[in-house]
Amino acid sequence: MRRVLSFLPTLALAMFATAGMAADGPARTPVPAIEKAAAGTTCVAPTEVMRRDHMKFLKHQRDDTVHGGIRGAKFSLKGCIDCHASARTGSVASAPGDFCASCHAYAAVTIDCFECHTPKMRARTAALAASAAQGKP
Amino acid sequence: MNTPGTPSRPSRRAFLGAAAATGATGAVLLAPGIQLVEVAQAAAPNAASAGGPGATALPGANPRVRWGLLIDTTKCAPGCTDCVSACRTEHGLPEPKRRTDVQWIRKIEIKAIDTGRQGSLPVMCQHCAKPPCVDVCPTGASFKRADGVVLVDRHLCIGCRYCMMACPYKARSFVHEPVTDQKPDAPRGMGCVESCTLCVHRIDAGHMAGGGSTACAEACTKAGHGAILFGDLNDPHSEISRRVKEIRSTVLRADLRVEPGVHYLGL
């Protein structure tokens with residue numbers, strides 16, 4: 001049993017390693033192109049844990065935030081968006097290649113978060129608005 | 001129970017207990033690739049609020065506090081809608097075009113029939129101590145926080161609009177259209193009921209301790225009217241509770257005994 005289980009992380013790693021190779025050439029199976037997080041940032045949990053459990057973390061945290069008023073805790077959707085927003089769109093789910101959208105489209109899992117929450121990054125939204133205002137004659 | 005004579009094997013209870021104890025620092029590795037995340041999370045539900053390791057969380061809703069508003073209708077200028085537009089800007093609400101569009105705060109013009117006195121006042125969610133909207137909500141989406149703020153949890157709201165019928169102040173609105181470009185602090189979407197949140201994101205960020213206020217009160221002060229005062233009704237030293245103690249204030253529809261947190265002067 002243990003021997004079988006020990007394959008699991010290797011398998012998962014292999015799957016996501018091929019995802020990284022997508023840019024090098026056409027692979028046998030289609031894989032999501034995952035955009036890197038903002039440079040110089042560290043995730044709140046290891047990548048393997050986040051890949052598997054991010055939805056659980058966010059779900060537990062949301063009840064504490066909405067009902068208990070506890071904000072700024074370890075797992076926060078705003079925190080995710082700030083680091084993972086695309087450099088191009090400033091968003092995690094506006095364009096098909098954005099961080100959340102690319103993987104969720106690949107896994108065929110609907111994201112409901114952004115029906116209500118904004119997928120756009122806070123700081124960059126402000127910066128984009130400022131640059132747009134400056135760009136106007 | 002371990003029977004005497006058996007070799008000491010850790011019981012399931014002891015194992016899970018130990019797992020839960022170490023859970024505060026992260027997930028527990030049961031076997032390669034399998035982690036006991038649920039146990040880890042169950043062990044530390046309040047680690048954030050208790051200032052657990054690595055937590056930078058703010059403490060959350062304080063049950064000793066009762067947030068409220070005192071609205072002086074003698075200072076409220078007829079025709080002025082600064083509080084309404086400030087609320088709209090703060091929460092990213094659209095300009096209302098139809099009768100069914102959302103409004104978290106609205107201005108009402110009043111006239112006393114006997115004396116002819118005219119005035120105006122803003123009406124928003126009254127943040128009742130005994131909120132009828134919470135009583136009728138079938139899913140528990142409508143709830144009252146520990147500090148007296150009445151909110152809608154949009155994760156649970158099914159959009160039945162029962163709370164809108166129950167509210168005697170017409171304070172709640174239903175979002176009929178898809179929403180885009182929400183503010184990060186004010187998530188909102190189609191199919192849910194919503195109302196004034198008493199700027200709960202400001203409360204939770206600790207702005208109120210530094211003399212901060214709600215968006216409407218801030219705008220009213222900025223416009224030079226100073227008709228809206230925000231504060232803690234439970235704190236005997238706060239300005240709002242001192243003024244409520246000195247001057248007779250009224251609440252809207254006191255006969256319903258829902259004990260609103262919004263008080264009015266000069267009605």
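In this predicted model, helix H3 of chain B (residues 82-91) meets helix H7 of chain B (residues 215-222), with axes that come within 8 Å and cross at roughly 135°. An angle counts as oblique when it is neither under 35 degrees, nor over 145, nor from 65 to 115, and H3(B) and H7(B) are therefore oblique to each other. The crossing in which H3(B) passes H7(B) is right-handed.

A closer look at the residues fills in the picture. On the side of H3(B), the contact is made by B:Asp82, B:Cys83, B:Ala86, B:Cys87 and B:Glu90. H7(B) contributes B:Ala215, B:Cys216, B:Glu218, B:Ala219 and B:Cys220. Sorted by character, the residues of this contact comprise 7 nonpolar and 3 charged, with no polar ones. As a helpful reminder, an α-helix has 3.6 residues a turn, so residues three or four places apart point the same way.

The setting for this helix pair is chain B, whose secondary structure comes to 8 helices and 11 strands. Chain B has 267 residues, of which 34% count as buried. Among its contacts with a separation of 6 or more, 54% are between residues 24 or more positions apart.

Turning to chain A, helix H4 (residues 99-107) has four residues to note: A:Phe99, A:Cys100, A:Ala101 and A:Ser102 are its buried residues. Helix H3 of chain A (77-84) is included in what covers these buried residues of H4(A). Just after H4(A) comes A:Ala108, which takes a positive phi of about 55°.

Conventions:
Residues numbered from 1 in each chain as written. Chains lettered and ligands numbered in written order. Predicted model: local features only at pLDDT ≥ 70, side-chain atom pairs only at ≥ 80, totals over all residues. Helix = DSSP H or I, 4+ residues; strand = E, 2+ residues; numbered from the N terminus. Buried ≥ 20, exposed ≤ 12 C-beta atoms within 10 Å, placed from the backbone. Contact = placed C-beta atoms within 7 Å. Axes fitted to C-alpha atoms, helices over the stretch in contact; angles between N-to-C directions. Left-handed = near helix turned anticlockwise from the far one by under 90°. Nonpolar A, V, L, I, M, F, W, Y, C, P; charged D, E, K, R; others polar.
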